[in-house]
Amino acid sequence: MEELGTIQVLVNGEKLSLPDGATVQSAIDTAEAPYKIGASVGILKKSESVRSESVREYRVKTTKGELRLEIIDHLSASARRWMEDFRQYEGISLRWSSKNAIAFGPFSESLKPERNLTKLDKYDVAFSAGGYNPSNFHLLFSLAEHSADYGAPEDGPFARVVGGKKLLTSFERSDRILEIEPVIEWQESAKHLVTDDTNTILEDGDGLFTFIKVELALESPEGAEFFFGLIKDGFFEVDYESSSFISDNSLKGEICSFENFEARKDGAVWVRTAGYGTGKVFISRDERTASVVHSVIGHIQQGIELIHMAGKGHSIFVKTDPAPINILGMGFKEAEKHLEGLGVELVREGYKEDDANIVKLNPSSTIDILLAKKVIATGAPDSLVIRVELYDELAPKSVDFFRHAVGLTFRPIGTLPVMMIYEDTYLFKAAKSAEKYKEILPENVLVDKTKAFEIGITNQAAKRMGIVGVKTEDDDLFGPTGEKFSSTNIIGKILEPEKFKALTEKDTMYVLESNKEEIE
């Protein structure tokens with residue numbers, strides 16, 4: 001009998017008992033759920049109308065983490081057996097493993113083992129009977145495309161792993177399946193709510209979803225970096241929604257290489273790499289065919305329900321697997337300590353002293369670094385790494401151009417080579433020609449005078465559009481780039497002028513952006 005004065009809710013799939021009147025915030029706090037202030041959360045209301053045969057995916061929680069299974073054919077005998085009694089497989093342990101497959105069990109089944117080769121694709125899931133004995137069935141996960149006699153039922157594989165794939169090679173004999181839960185299609189629910197009001201009162205049976213977790217595709221290292229740039233503030237901003245997908249258009253116009261040609265299943269994350277809408281990032285809500293202009297960069301591992309509930313204007317908190325390796329701007333010792341926990345060796349290059357700041361990585365992507373288990377980090381003396389404040393509110397479009405041009409859109413540290421120094425004027429030309437796809441209309445232009453150490457950028461009213469400049473003295477006649485006031489947008493200021501004055505024409509200035517908290 002339910003304890004008086006309590007409600008039962010699910011928080012990101014975890015069962016939780018809360019007192020009557022509990023809010024979204026109290027549920028987040030009690031469950032220690034991933035959440036960031038300002039994010040939209042999804043609340044799925046309890047529905048009795050959901051039938052097991054309508055469930056397409058299952059969440060399989062193990063001692064190593066969570067797997068997501070997708071049913072291949074609901075009409076097959078193996079699939080029907082799974083849907084009828086999937087909870088009987090809770091508690092089974094890893095029984096054996098090989099280079100081609102792993103198996104959890106044993107358990108008894110009513111299915112009939114066959115003495116035939118079973119063809120399995122990578123990540124297929126099937127029932128397997130050791131010695132063709134119905135009392136010695138196992139849940140088998142394929143690690144590679146192969147054929148073998150596993151004593152499987154005639155219908156062969158009944159599901160495939162669509163999330164948590166990397167876990168399959170990490171299981172040990174002590175690991176076991178803890179719990180299996182169906183992933184309820186949100187359309188089957190009577191109603192749902194998406195809100196950023198954490199004071200919202202929860203009701204008995206509510207399902208609360210606070211974040212999504214994206215498993216990034218190993219085949220898309222550049223796409224992963226593109227996605228890290230998109231969510232550097234922690235959010236996927238829903239700028240557009242349809243029945244087929246939601247999209248974040250923040251990086252529209254930015255180029256990302258095509259890397260991964262595969263079908264875009266429900267929960268697939270993909271980026272448009274050519275044509276209209278290049279740079280938009282999408283998350284599928286249904287099945288879509290593979291496309292030569294849409295590169296798949298990952299898949300939703302957790303929180304698919306939130307993808308189906310969210311609408312235009314909602315902000316979804318995102319976590320990724322793997323998390324980005326953010327060591328640019330760090331010192332060598334701090335970076336070495338961080339990488340040690342990831343099993344990655346750091347090799348120093350350039351300025352190698354302990355007081356260096358890391359300004360470049362080879363390989364440059366998180367996925368490639370993790371696969372290589374080694375990264376060459378180029379250091380620069382602290383005198384060349386200069387913090388700046390950017391005027392987002394005064395010149396948002398010009399600041400956006402600047403971030404793209406110097407690399408701050410995707411990295412925590414930007415690169416700005418010195419082009420020319422004369423008298424009190426320092427001119428810079430970013431290596432990336434962002435002016436080819438970004439406008440620099442007049443914005444926050446100079447009026448009375450140039451202030452020392454403010455950063456200016458030449459706008460479209462002058463021929464040298466995109467040139468960045470700084471003056472070390474106030475000037476009543478010309479802007480920081482040497483142009484007239486009407487041709488100069490002011491985008492920020494240098495916060496470490498003592499370093500700036502030491503720059504020479506042979507130097508590259510490395511730009512670190514300071515946030516408001518650091519400035520205050």
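**Group meeting: a chain with a seven-stranded barrel**

Hi everyone, let's start with the inventory: nine helices and 33 strands make up the secondary structure elements of this protein chain. Please keep in mind that we are looking at a predicted model.

First, the overall picture. Measuring along the principal axes, the C-alpha trace of the protein chain spans about 90 × 50 × 40 Å. There are 520 residues in the protein chain, and 53% of them are buried. If you take the contacts with a separation of 6 or more, 71% come from residues 24 or more positions apart.

Now for the outside. The protein chain has an accessible surface of about 23,700 Å², and carbon and sulfur atoms hold 49% of that. On the charge side, I count 85 negative and 62 positive side chains in the protein chain. Where do the centres of the two sets lie relative to each other? They are 4 Å apart.

On to the part I wanted to show you: the barrel. Seven strands close it, and if you walk around you meet them in the order β27-β32-β30-β31-β29-β28-β33, with mixed pairing. Neighbouring strands of this sheet are turned by 40° against each other on average, with direction ignored.

As a quick reminder, strands of a sheet pair through backbone hydrogen bonds, in either a parallel or an antiparallel fashion. So which sense do we find between β29 and β31? Strand β29, residues 425-428, runs antiparallel to strand β31, residues 468-471, and four bridges join the pair. If you'd like to find the spot on screen, go to Phe428: its bridge partner in β31 is Val468.

That's my tour, thanks for listening!

Note on methods. Residues numbered from 1 in each chain as written. Predicted model: local features only at pLDDT ≥ 70, side-chain atom pairs only at ≥ 80, totals over all residues. Heavy atoms only, no water. Pairing = 2+ DSSP bridges. Helix = DSSP H or I, 4+ residues; strand = E, 2+ residues; numbered from the N terminus. Axes fitted to C-alpha atoms, helices over the stretch in contact; angles between N-to-C directions. Buried < 20%, exposed > 50% of the residue type's maximum accessible area, 1.4 Å probe, protein only. Contact = heavy atoms within 4.5 Å. Areas by Shrake-Rupley, 256 points an atom, 1.4 Å probe, with all protein chains shown as cover. Lys, Arg positive; Asp, Glu negative; His and termini not counted. Charge placed at Lys NZ, Arg CZ, Asp CG, Glu CD.
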